[in-house]
Amino acid sequence: MINTFQFDTAALMIALPEIFLLSAIVVVLLLDLFLTKPFKQVTYYLMQLSLLITGILSFNLIGQPETIIFGHSFVLDDLASVFKVFMMAAAMVTMVYSRHYLLQHALLKGEYFVLVMLSILGMMVMVSGYSLLTLYLGLEILSLSLYTLIAIARNRASAIEAALKYFVLGAIASGLLLYGMSMVYGISGSLNIAEIATFANSAELVSREVLVLNFGLVFLVIGIAFKLGAVPFHMWVPDVYQGSPTSVTLFISTVPKIAAVAMLVRLLVDGLGAMQPYWSDLFMVLAILSIAIGSIVALMQTNIKRLLAYSTISHVGFVLLGFSTGVISGYGAAVFYILAYVLMSLAAFGVIILLNKKGFEADLISDYKGLSKHSPWFALMMLIVMLSMAGMPPFIGFYAKLLILQQVISSGMITVAIIAVVFAVISAYYYLQIIKSMYFEDSDKEITVNAPMDMKLVLSINGVLILVVGLFPDFWMKLALSLF
Amino acid sequence: MQNMLLSLLIWLPILGGGLVILLGNERATMARWMSLAIAILVFVMSLSLWTGFDSSTHLMQFVEKSAWITQFNINYHIGVDGISMPLIILTTFSTVLVIGAGWEVIQKRPAHYMAAFLMMEGLIIGVFSALDGILFYTFWEASLIPMLLIVGIWGGDNRIYAAIKFFLYTFLGSVFMLISLIYMYNKSGSFSILAWHDLSLTATEQAWIFWAFFVAFAVKVPMFPVHTWLPDAHVQAPTGGSVILAAIMLKMGGYGFFRFSLPITPDASLQFSDVVIVLSLIAVVYIGFVALVQRDMKKLIAYSSISHMGFVTLGVFALFLAYDPQAPEGAFLGLEGAMVQMISHGFISAAMFLVVGVLYDRLHSREISTYGGVINSMPKFTGFAVLFAMANAGLPGTSGFVGEFMVILGAVQANIWYAVLATTTLIVGAAYTLWMVKRVFWGAITNPAVETLDDINGREFSILAILALAVLVIGLYPQPMIEVMHTSIEHLLNQALTSKL
């Protein structure tokens, strides 16, 4: 309730990462105005520094007991802190990769970094949002920044098209989400997640109220499915992935996915946990469709960004499968999966960006012909990513799938597990196409890697982590499962 | 040292392979010598598995166990018994040969080639020694990766098709196994394979698990009708790849039946043994005839491999029919024969592929019609080739005879007609092998290029001589090998015959 709002300085400490990032955004934005062309990179370093500090601040908050502040609209628990730390880490990596891309394609602008910081702020609000309003607010900060980010390559028709498409479809999805929220608010009388949960849990719900809640629930699920890119709300994903500058694709395909999962947890697990049987079924359908469509349609792709878009769709299917089990360990499995996915996606787009040169986007599968000869190390990194995405042990992608499958099977849905693994085999075919290009085919075109040292180093660590975390996944699994 | 032996056998080649990659293709000679040194070292170390082995117990030996993924009670649990130990030695032995066989032949990225084989050696040893379901699955799947690259990078003209087909076939087979592994974990709370041996399962559960495992292993063996990847992979793979495929990778499938199907799902194995026997007999007889009409030597040997591996599955599943409480030897012979057949086929198929490799290196053709009268220019080589061909045909005195004879003895106990059908392979096998020998090695020289062939050099001679020795020793005196398996096989037989219902 709003009337219980009290201003408490202790509460500020809970939201310190967000407050710091917001201040940093303002400072960087102002500073950028005064930086002349040769010093534009200062903005980049300042952004990395702010992200690092924000990450450290979030890390320090891990282990705090669950605290709800700002009039029941902002929550801090381990889920929030851990997600924020991972988001910062992922964002910093994306920015290391992006800088190379932006320099190659003359897109390096201060606004780019400011927009990225803004979108990250939006995601942090989503992760910690504890009322329908804050969640929506966070989502909009994120989305508006992303639309602009795509359009930053303003002289590329494909980027403008992608931005518009994303904007129009995103607006519809936001509208649907908002509509669902209004239903839930209308029947429960509260915007606050905890109160909605109490309402949905109460035993004396009459059938009319259940109906309205359900009605709202469907729209909430659609909104979330859109943001995650689950079938049948996936139409934007391939076009936006392909049309956006690769550095933006890299960003969209990684960090916001974590935030979307957090929003899912806040709205459906924390808020409408009582309705779990209903949304479980919805997720099950979305999951199977996503896995199937993501695996089959990708078979025909020749553009690697588009291919990875479909691959993302099928990975999202696995995440939703984890949530559809309706048990806490299933949610933990889904969280492990999304973090594993982010690690893999970072490396995949990292390799694409690595090969970028002025006038060369390296976005066709055939561009990778002979990579293993010209750059054996980074071909190996890409090999690891592809095998991991296909679910081959000993890479992290396998253990993520193992966790999900284990949960699905222990919920008694063996048929679903069988469907999922069969499509995983089908999807292996297109990952093999990339391996084929890199290793089995040769090209007379010399592929040169002229990325800066920091990018090469981070990308190498990124790739090796996919193997190392795969060999020793215990700690990360426990961490993911401890968040619920 | 003793307790770390298995781990060393697994990780030394894998890490050694990494080192060889670091050496790089530029320092090819050094990479070759280093690979050979690692392979020989691993082989010598693996011999102490044999010398230190206690053949009086069926219990796992050289056991190592430490927690790996505690969340799921997954352990790094490895150990060997009389079934897996000989297969590990076969693996280390074959790898030495393969490294030797690729010495001058492989000029394209030689360091990577050697490293791939070393890594695969470690992974396959891992498959044979893993006692934890997920550990097993990890090694099982990971061993596909080097083979995919070997076929895809160093293979023939149609290598891409063959590599991808091989990968997808085996991957599809094994995902069902994964599902049943998880199912058994959910039921038992553990991924320990030995614990699963005692896990009680209903008839329906057993049936599902049996078929899930069956798909995985049948693709690997390979059994009719899921064998079609093998001829493609064999023909396209470089010689070393074919050798490892035939000598070891196929054995992973057979090993799976021994380690998983029989002890975990004994009742389902009994129930479906007829189906498996029929499929095995189709492989033995029909595929034998298919081999007869091949014009490509490698394809011929590939089909002959399928036919010979049919004996393995026949021996394993005939035990249910052959078992007679009064005379348990019949069932026992079949099972033990299957094991002997796996080892012996490892040597013979390796030898046959190396023989073809020697010819291919000289004339770059696998077509039988290219050759003819090779004996005139390569007399030493022909001597070896004929010996191996005889072994492939199952001539008494060679290792090929021992396993097949034991399986046939077991099959007689099961059903005389099974035995009759299985025995036809001795005729058909002799027909396709000797006919090939006749067309390739004997007769007049028709192709002028054959006239100028150089006989085998010292390297090739030693590799073939070592294999010839192995084939003869097992053929003439199989007793020591049978002895180490004996107790484990006996225990397995009891497990397979004890109903879990």
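## A tour of two chains, loop by loop

Start in chain B: B:Pro225 sits in the loop between α9 (203-220) and α10 (229-236). Zoom in on the bond before this proline: B:Phe224 and B:Pro225 are joined by a cis peptide, with omega about 0 degrees. Keep in mind that you're looking at a predicted model.

There's a cis bond to find in chain A as well. Select A:Pro393 and A:Pro394, where omega is about 5 degrees. A:Pro394 belongs to the loop between α16 (376-390) and α17 of chain A.

Back to chain B for a hairpin. Select β1 (residues 61-69) and β2 (residues 74-80). The two strands run antiparallel and share 6 bridges; one pairing to click on is B:Ala67 with B:Asn75. β2(B) is mostly covered, with 5 of its 7 residues buried. Now look at the 4 residues between the strands, where B:Asn73 has a positive phi near 60 degrees. How exposed is B:Asn73? Partly, because 17 other C-beta atoms lie within 10 Å.

Most residues other than glycine have a negative phi. Chain A offers another exception: A:Ala106, with a positive phi of about 55 degrees. Find A:Ala106 in the loop between α4 (78-104) and α5 (110-128) of chain A. A:Ala106 has 9 C-beta neighbours inside 10 Å, so it counts as exposed.

Next, select α2 (residues 16-34) and α3 (residues 41-60) of chain A. These helices pack with their axes 9 Å apart, at an angle of about 170 degrees, and are therefore roughly antiparallel. Show side chains along the seam: A:Phe20, A:Leu21 and A:Val28 are among the α2(A) residues there, and α3(A) brings residues including A:Met47, A:Ile53 and A:Leu57. The residues of this contact divide into 11 nonpolar, 4 polar and 1 charged.

For a buried helix, go to α13 of chain A, residues 304-324. Its 21 residues reach 30 Å from first C-alpha to last, close to the 30 Å expected. All 21 of the 21 residues are buried, so α13(A) is largely enclosed by the rest of the structure. Step past the end of this helix to A:Gly326, which has a positive phi near 75 degrees.

Last stop: where the chains meet. The contact takes 25 residues from chain A and 26 from chain B. On the chain A side, colour α17 (396-410), α18 (414-440) and α20 (474-481), each of which gives two or more residues. The largest share, 12 residues, comes from α18(A). What kinds of residue make up the chain A side? They divide into 20 nonpolar, 2 polar and 3 charged.

How values were computed:
Residues numbered from 1 in each chain as written. Chains lettered and ligands numbered in written order. Predicted model: local features only at pLDDT ≥ 70, side-chain atom pairs only at ≥ 80, totals over all residues. Expected span 1.5 Å × (residues − 1). Buried ≥ 20, exposed ≤ 12 C-beta atoms within 10 Å, placed from the backbone. Pairing = 2+ DSSP bridges. Contact = placed C-beta atoms within 7 Å. Nonpolar A, V, L, I, M, F, W, Y, C, P; charged D, E, K, R; others polar. Axes fitted to C-alpha atoms, helices over the stretch in contact; angles between N-to-C directions. Parallel < 35°, antiparallel > 145°, perpendicular 65-115°, else oblique.
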